[in-house]
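Me: I'm new to this structure and would like a close look at a single part of it. Could you pick one residue and work outwards from there?

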Amino acid sequence: MDKKVSLTGLFAALFALLLFFSPSAYAASSFNTRLENRLFELVNAQRVNYGLKPLKRSAKLSIIARGHSEDMARRNYISHYTPEGLSPTDRANKAGFKTTIVYKDRIRKGVGENIAMHQDGIEENGIKRYFLKSVDETAKLLVDGWMNSPEHKANILNTDYTMAGMGVAVSKEKKVLATQMFF
């Protein structure tokens, strides 16, 4: 009897794992992680091109950035502020990230943030179909967009920032939402 119960429990656990780690969930997770990595590389390449030191990757900022991208994808908005009014610095503080740094001559408070949304689609016979471009194509589009925007470019090239986190989410409609947080 114990063997029968154990096998039943084992099969139930394996079935649950298969549902949780479906190929589509794995593919989405893999795409997001690869895109986050590629965005980080391209942003640092921009900094180096301008004679600046590359940013260090912050796991904590990445978690906060990913959470914001996931929230925007889930609730279908794009803003630095959540629908409840939380700013990037509010979200960082809430997550326990220290957002103040004391220099010899000044105090700097807050985090910097860049966000972007990209969606590709085609229309055939009045029906729109959305799809994802490759990681490299998507990363280049996002970073080019940031570098062509004075405010976003200023964050990427800010000499006060020494670390960053990248977070990506893809909505059901295949909107790629990306968040960069800087400190």
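Reply: Let's start with Thr 138: setting aside neighbours within four places in sequence, Thr 138 is in contact (heavy atoms within 4.5 Å) with Phe 31, Leu 35, Lys 133 and Val 176. Before going on, note that this is a predicted model, where local features need pLDDT of at least 70 and side-chain atom pairs count only at pLDDT 80 or more, while totals for chains, interfaces and linings use all residues. Residues are numbered from 1 along each chain as its sequence is written, and side-chain values use heavy atoms, with hydrogens and water left out.

Thr 138 belongs to helix H5, residues 135-147. Helices (H or I, at least four residues) and strands (E, at least two) are DSSP runs, numbered from the N terminus. With a relative accessibility of 1%, Thr 138 counts as buried; buried means under 20% relative accessible area, exposed over 50% and partly exposed in between, using a 1.4 Å probe and protein chains only. Leu 39 is 99 residues away from Thr 138 in sequence, yet their C-alphas are 9.0 Å apart in space.

Thr 138 also helps line the largest cavity, along with His 118, Gln 119, Asp 120, Phe 131, Leu 132, Lys 133, Lys 174 and Val 176. On a 1 Å grid over the protein atoms alone, a cavity is a set of points where a 1.4 Å probe fits but cannot get out, and lining residues have an atom within 4 Å of a point. The volume of this cavity is about 40 Å³, and the structure has one cavity of 30 Å³ or more. Grid points are joined across faces, edges and corners, and a volume is the space filled by probe spheres set on the points. The lining divides into three nonpolar, three polar and three charged residues. Here Ala, Val, Leu, Ile, Met, Phe, Trp, Tyr, Cys and Pro count as nonpolar, Asp, Glu, Lys and Arg as charged, and the others, Gly among them, as polar.

Two of those lining residues, His 118 and Val 176, lead us to a pair of strands. Strand S4 covers residues 112-118, and six of its seven residues are buried, so S4 is largely enclosed by the rest of the structure. S4 runs antiparallel to strand S8 (residues 176-182), and seven bridges join them. One such match puts Gly 112 opposite Phe 182 in S8. Two strands pair if DSSP finds at least two bridges between them.

S4 and S8 sit in an open sheet of four strands with mixed pairing, in the order S1-S7-S8-S4. S1 and S4 are at the edges with a single partner strand each, so one side of each has no neighbour in the sheet. At the S1 end, S1 and S7 pair in the parallel sense over two bridges, and Lys 56 stands opposite Met 163 in S7.

Helix H3 (residues 59-75) comes in here too: its buried residues pack against strand S1 (56-57), helix H4 (88-94), S4, strand S7 (163-170) and S8. Among those buried residues are Leu 61, Ile 64, His 68 and Met 72. His 68 has a relative accessible area of 2%, and its contacts beyond four places in sequence include Glu 113, Ile 115 and Thr 179. After H3 comes Asn 76, with a positive phi near 55°.

Notes:
On a 1 Å grid over the protein atoms alone, a cavity is a set of points where a 1.4 Å probe fits but cannot get out, and a pocket is an open set with protein on both sides within 12 Å along at least five of seven lines; lining residues have an atom within 4 Å of a point.
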